[in-house]
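Subject: Structure for you to look at

Dear colleague,

I am passing on the structure we spoke about, and my notes on what was found in it follow directly below. Please read them with the model open beside you.

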Amino acid sequence: MPDENKAITISESTDLYDKLPETIFTVSGKTFIFKGFFSFKCSQELLGFIKNGDEPRAAFAKVAFVMCEPSIKKQAVLICQDDFLRASNEELKGIMQDILTSSSNLNGEFEKLEGLGDDYDRFCKAHKNYLLAFIESTDFSQFAKTSLQAESIIKGLNANFNKLANALESAFASIAISVREVTSNLSAGLGVIAESFQKIHAWDDRRKVLLSYGWPFISDIPDSLFDNIYQNRAEYSQDEVDTKVVSYFRKERCKELKRLVKQWQKCSCFVSRKHIWHQAIVNHSRGYYNASITLATIHIEGILTDFVRINMSTPRYHIDKAIDDIQEKLDDSAFQTYWDYLGQSDVLKNIKNLFAESFHPSNPDEAPNTSRHKIAHGHAVELENEQNSLKQFLFLNELYHMFTLLEKKA
């Protein structure tokens, strides 16, 4: 299990859950593979079991089942709560040791109670003491000084409940916040939420800097480049940032960009256009940017309307309506991390802006060359550049990741 006391960097948090180790547990002689963590929801459940009169051993067995149930459901093994209640002490204490190993603070409280009851009693008391110590040590005054003040957080919880819950739970797996549980006991969870929002705030500062240079946060821009741009934001010009991003994807004959395009193998809207992506990347790598941009721009519209037509109940043949429906589906999704959600939302906004650019055939030169209508009607005749072409591929790549995940829910 992950060490909850280890600092989480911005680059690590995006795919933290995927990096969680697998642990083999056995209960009542039945073996399964566990991948997860002792979440805030588990904390609430444990205290609830004790409050309702369960003995410490039974309370621990029940909460161990709560923690392991998601992993069990993914495997062809029949294990229920009764199996945990009937499990041997050796089996249950193996799970307990795994939880304690992942939290040095909780383990410290557990060790303080040496000789004061059996292990199950000590675990329950240690957990309660740990939560109380955490709340008492939280510097709420420092938290209030951040731009994300407690009052704003609480309002946000009420105004955007489901999206925030999904975003936080997926983005901060090791902190394991369950906002739905926190709202029922806000005083116990506010300190944890404060820490999480500070991390979100720090990441969002970097995202906004990238946006200010005209580059939405893209999951495949490497963290080192992402952080370098942020750290040198006072010195870097627009051209310098463009050069850094473009150079990364151009090196070794566009090796990294070609890798991204070749991985578009799962989403049906992309698979049907495989030959088109090949032609577009060939044109881009050879410097024929007008050709690559024209292909990509036209087919961005096609994949957006195709996705809605195939995966949603109401087909949309106008791009703005299709984007609105996709954004709504994205808002409700439980699959995206917080980072991916914002990055993909930024891409949808960028695409919508490209299609919203005013265009009049009587005066086509009034519209910018990025206008979808100017491109599709054959009036974007000025020589194009590498960064505008690259952005189309990065937009497509983010749409691919988003559609692949949203199709799971369709």
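Asparagine 350 counts as partly exposed, because its relative accessibility is 25%, and asparagine 350 sits in helix 19, which covers residues 338–356. Once the neighbours within four places in sequence are set aside, asparagine 350 is in contact with Pro216 and Phe395. Glycine 214 is 136 residues away from asparagine 350 in sequence, yet the C-alpha atoms of the two are 9.6 Å apart in space. Please bear in mind throughout that this is a predicted model.

As for the chain as a whole, it contains 21 helices and two strands, and of its 410 residues 48% are buried. If one takes the contacts between residues at least 6 apart in sequence, 62% of them join residues at least 24 apart.

Most of my notes concern helix 16 and its partners. Helix 16 has twelve residues, 274–285, and should therefore span 16 Å at 1.5 Å a residue; the C-alpha atoms at its ends are 17 Å apart, which agrees with that expectation. Which residues of helix 16 are buried? They are Ile276, Trp277, Ala280, Ile281, Asn283 and His284, and because these residues cover an arc of only 160 degrees around the axis, they lie on the same side of helix 16. Lys274 and His278, on the other side of helix 16, are exposed. Following helix 16 comes glycine 287, which has a positive phi, near 85 degrees.

The first partner to describe is helix 17, residues 289–311, which packs with helix 16 at an angle of about 150 degrees, the two axes being 8 Å apart. An angle over 145 degrees counts as roughly antiparallel, so this is how helix 16 runs relative to helix 17. The crossing of these two helices is left-handed. On the side of helix 16 the contact involves Ile276, Trp277, Gln279, Ala280, Asn283 and His284, and these meet Tyr289, Ala291, Ser292, Leu295, His299 and Ile303 of helix 17.

Helix 14 packs with helix 16 as well, at an angle of about 170 degrees and with the axes 11 Å apart, which means that helix 14 is roughly antiparallel to helix 16. Here Cys254, Leu257, Lys258 and Val261 of helix 14 meet Trp277, Ile281, His284 and Ser285 of helix 16. Trp277 and His284 are thus among the residues of helix 16 that meet helix 14, and they are also among those that meet helix 17.

Two residues of helix 14 deserve a careful look on account of their backbone. In general, most residues other than glycine have a negative phi. Glutamate 252, which lies in helix 14, residues 238–262, has instead a positive phi, near 55 degrees. Cysteine 254 is likewise in helix 14, and its phi is also positive, near 60 degrees. Are these two residues buried or exposed? Glutamate 252 counts as exposed, because its relative accessibility is 57%, whereas cysteine 254, with a relative accessible area of 3%, is buried. Cysteine 254 is also one of the residues through which helix 14 meets helix 16.

Elsewhere in the chain, helix 3, residues 56–73, packs with helix 5, residues 89–102, at an angle of about 65 degrees and with the axes 11 Å apart, and helix 3 passes helix 5 in a left-handed crossing. Helix 3 contributes Arg57, Phe60, Ala61, Ala64 and Met67 to this contact, while helix 5 contributes Asn89, Leu92, Ile95, Met96 and Ile99.

Lysine 62 is also found in helix 3. With a relative accessible area of 17%, lysine 62 falls under the 20% cut-off and is therefore buried. Its contacts, leaving aside neighbours within four places in sequence, are with Phe49, Asp54, Gln81 and Leu85. Lysine 62 and cysteine 42 are 20 residues apart in sequence, and their C-alpha atoms are 9.7 Å apart in space.

With kind regards

Methods:
Residues are numbered from 1 along each chain as its sequence is written. This is a predicted model: local features need pLDDT of at least 70, side-chain atom pairs count only at pLDDT 80 or more; totals for chains, interfaces and linings use all residues. Side-chain values use heavy atoms; hydrogens and water are left out. Helices (H or I, at least four residues) and strands (E, at least two) are DSSP runs, numbered from the N terminus. The expected span of a helix is 1.5 Å times one less than its number of residues. Buried means under 20% relative accessible area, exposed over 50%, partly exposed in between (1.4 Å probe, protein chains only). The arc is that of the directions from the helix axis to the C-beta atoms. Axes are lines fitted to C-alpha atoms, for helices over the stretch in contact, and angles run from 0 to 180 degrees between N-to-C directions. Angles under 35 degrees count as roughly parallel, over 145 as roughly antiparallel, 65 to 115 as roughly perpendicular and the rest as oblique. A crossing is left-handed if the near helix is turned anticlockwise from the far one by less than a right angle, and right-handed if clockwise. Contact means heavy atoms within 4.5 Å.
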